[in-house]
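Me: I am new to this structure and would like to learn how to read its features one at a time. Could you take me through them slowly, with the general idea before each case?

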Amino acid sequence: MCAPRRRYPHGGTLITADKPHKPLDVSYGRIWRLAWPTVITNMLIASVGLSYVKIVSFLGAEGIAAVTSGHRVFVLIQAIVMGLAIATTALVAQSWGKGDQAGASRWTWQSLYFATALAMLFTGIGELFAPEIATAMGLTGEAREMLIQFLRILLLFNIIFAVSNVLNSAFRAAGDTRTPMNYTLASTVLNIGLCLVLARGLLGMPALGVVGIALGGGIAPLLAFSTMILRWRRNRYLLTAGHHPRVSFADWREIIRVGLPATLEQFVIHGSLIVFMRFVANYGTNEFAAFGVALSLLSVVVVIGFGFGIANAALTGQCIGAGDVAGARRAMANTAKLSCAVLSVLAVILALLARPLAEFMAADPDVVEVAIPFLLILAAILPLAAVESALSGGLRGAGDTRFPLLSSFSGLGTRLVLAGILMALKWPVTWLYATLLLDYSIKVSILFWRVHSMRWVPASARSLQA
């Protein structure tokens, strides 16, 4: 029996069950309604990094390399907060599935407190060690100096990124995926516009290069998401702010318990990517720039799978909170199938348009020729990435954040070892990128086994079902 639908003035839609034993709606239509705003949101976020590469391309391979590596370091810092956001999704979704809106608001507040503290800590570390980070990335000369400038400016806006990330996750966990989409759209349009004006010196402004990219990239989300936070404080959304609680270190411990494996997973994923970039840097600036082009396109396409994973986390979490274990498993299966179908279509399109996309992103013909094989390998990865994101999201929504960490560590560890061997043997750089296929194959195999085992179902959900 499908649960009743409730609609809200801001555009969000939530389906809940009046009683815990009634199954929630986990149909393809329901998954799509939850997923598409999140997919759009993630694509907008990823398109920012892609636009950075295009805007700064007038500075040549050095500018592309500096912005690509600097943005990747910033994403790594944000990935640590992303683990906290994943814990927020699980805790808020399970409270919401029980009908406990006060509990959902409490978890949101505590996550915001924690995110602010973490963001301040990592901003200080990043500002202090920016030169060392640039050296570790393997860049030299002008590219290195550009990277240091980029990092030090963008990190000043770290807190607004962290807070908006957590609040967006809480909204999605409650079923409101449109509010994050709307504000991310406003932030993205403003971001690209400001970066274009400031970096290239349009409308009478001086051409600031990578400094303009960093300023535009920080000011835009500050303006957009400050408005969202203020409106949330006034209870304008489905998930209300409610009572303003004090900091609870007991709640922080629970957030850490749920979120630490997810944080480590994000650190492993993005940290290994930086190590991988360091491997590629050994082949030369053109190869590094080509990898940056492929990585930017990967970030835009693969986030579609992330969007389905986030939708699956919300649905699975709500099912677990309501004691609907069968519904949680159906949500995982249906989300994986739908996500794989969508990304398989995009994989074919990407393979057909590999050369035009590479030529659009890079003006240097040498960079284009190196980037094309990367894009073809990327197309082959997408169906696997779709399934991996969907299943990982479902497990996280159920509170099983440790197993996605294990799968990521297994796949990435194997890839880095193999890439290191190939680099030492001086194989062509394209073979390094091909190791991604092995990485995703390992992760998907491990996740399939975990979902089938049913060991991810918490005891509280089994007792409710009984």
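Me: Are Arg450 and Asp400 buried or exposed?

Reply: This is a predicted model, so every statement here concerns the prediction. A residue counts as buried when its relative accessible area is under 20%, and in this model Arg450 is buried, as is Asp400.

Me: What joins Arg450 and Asp400?

Reply: A salt bridge is read from the distance between a side-chain nitrogen of Lys or Arg and a carboxyl oxygen of Asp or Glu, which has to be within 4 Å. Arg450 and Asp400 form such a bridge, with their closest N and O atoms 2.9 Å apart. Because Arg450 belongs to helix 15 (residues 429-453) while Asp400 sits in the loop between helix 13 (365-397) and helix 14 (402-424), the pair ties together parts that are 50 residues apart in sequence.

Me: How many salt bridges does the structure hold, and where do Lys443 and Asp439 lie relative to each other?

Reply: The structure holds 9 salt bridges. One is formed by Lys443 and Asp439, whose closest N and O atoms are 3.6 Å apart; these two residues are 4 residues apart in helix 15, so about one helical turn separates them. Both Lys443 and Asp439 are buried. Salt bridges can also be linked in a network, as they are for Arg355, Glu359 and Glu369.

Me: Which of the terms buried and partly exposed fits Asp25, and which fits Arg33?

Reply: The side chains of Asp25 and Arg33 meet in a salt bridge, at 3.6 Å from N to O. Asp25 has a relative accessible area of 11% and is therefore buried, whereas Arg33, at 30% relative accessibility, counts as partly exposed.

Me: How far apart are Tyr28 and Thr335 in sequence and in space?

Reply: Here it helps to read the two distances side by side: Tyr28 and Thr335 are 307 residues apart in sequence, while their C-alpha atoms are 7.3 Å apart in space. Tyr28 is found in helix 1 (residues 28-55) and is partly exposed, with a relative accessible area of 39%.

Me: At what angle do helix 5 and helix 8 pack?

Reply: The angle is taken between the N-to-C directions of the two axes. Helix 5 (residues 141-154) and helix 8 (residues 210-233) pack at about 20°, with their axes 8 Å apart, and that makes helix 5 roughly parallel to helix 8. The crossing of these two helices is right-handed.

Me: What is the phi of Asn235, and what is that of Met454?

Reply: Most residues other than glycine have a negative phi, so a positive value is worth pausing over. Asn235 has a positive phi near 60°, and Met454, which is not a glycine either, has one of about 65°. Asn235 lies in the loop between helix 8 and helix 9 (249-281) and is partly exposed at 40% relative accessible area. Met454 lies in the loop between helix 15 and helix 16 (459-465), and with a relative accessible area of 18% Met454 is buried.

Me: Which residues form a nonpolar patch on the surface?

Reply: The patch consists of Val345, Val348, Ile349, Leu352 and Leu353, which together have about 470 Å² of accessible area. Within this group, Ile349 lies in helix 11 (residues 325-352) and is partly exposed, with a relative accessible area of 41%.

Technical notes. Residues numbered from 1 in each chain as written. Predicted model: local features only at pLDDT ≥ 70, side-chain atom pairs only at ≥ 80, totals over all residues. Heavy atoms only, no water. Patch = residues over 30% accessible without salt bridge, like charges linked within 9 Å, V, L, I, M, F, W, Y side chains within 5 Å. Areas by Shrake-Rupley, 256 points an atom, 1.4 Å probe, with all protein chains shown as cover. Buried < 20%, exposed > 50% of the residue type's maximum accessible area, 1.4 Å probe, protein only. Axes fitted to C-alpha atoms, helices over the stretch in contact; angles between N-to-C directions. Parallel < 35°, antiparallel > 145°, perpendicular 65-115°, else oblique. Left-handed = near helix turned anticlockwise from the far one by under 90°.
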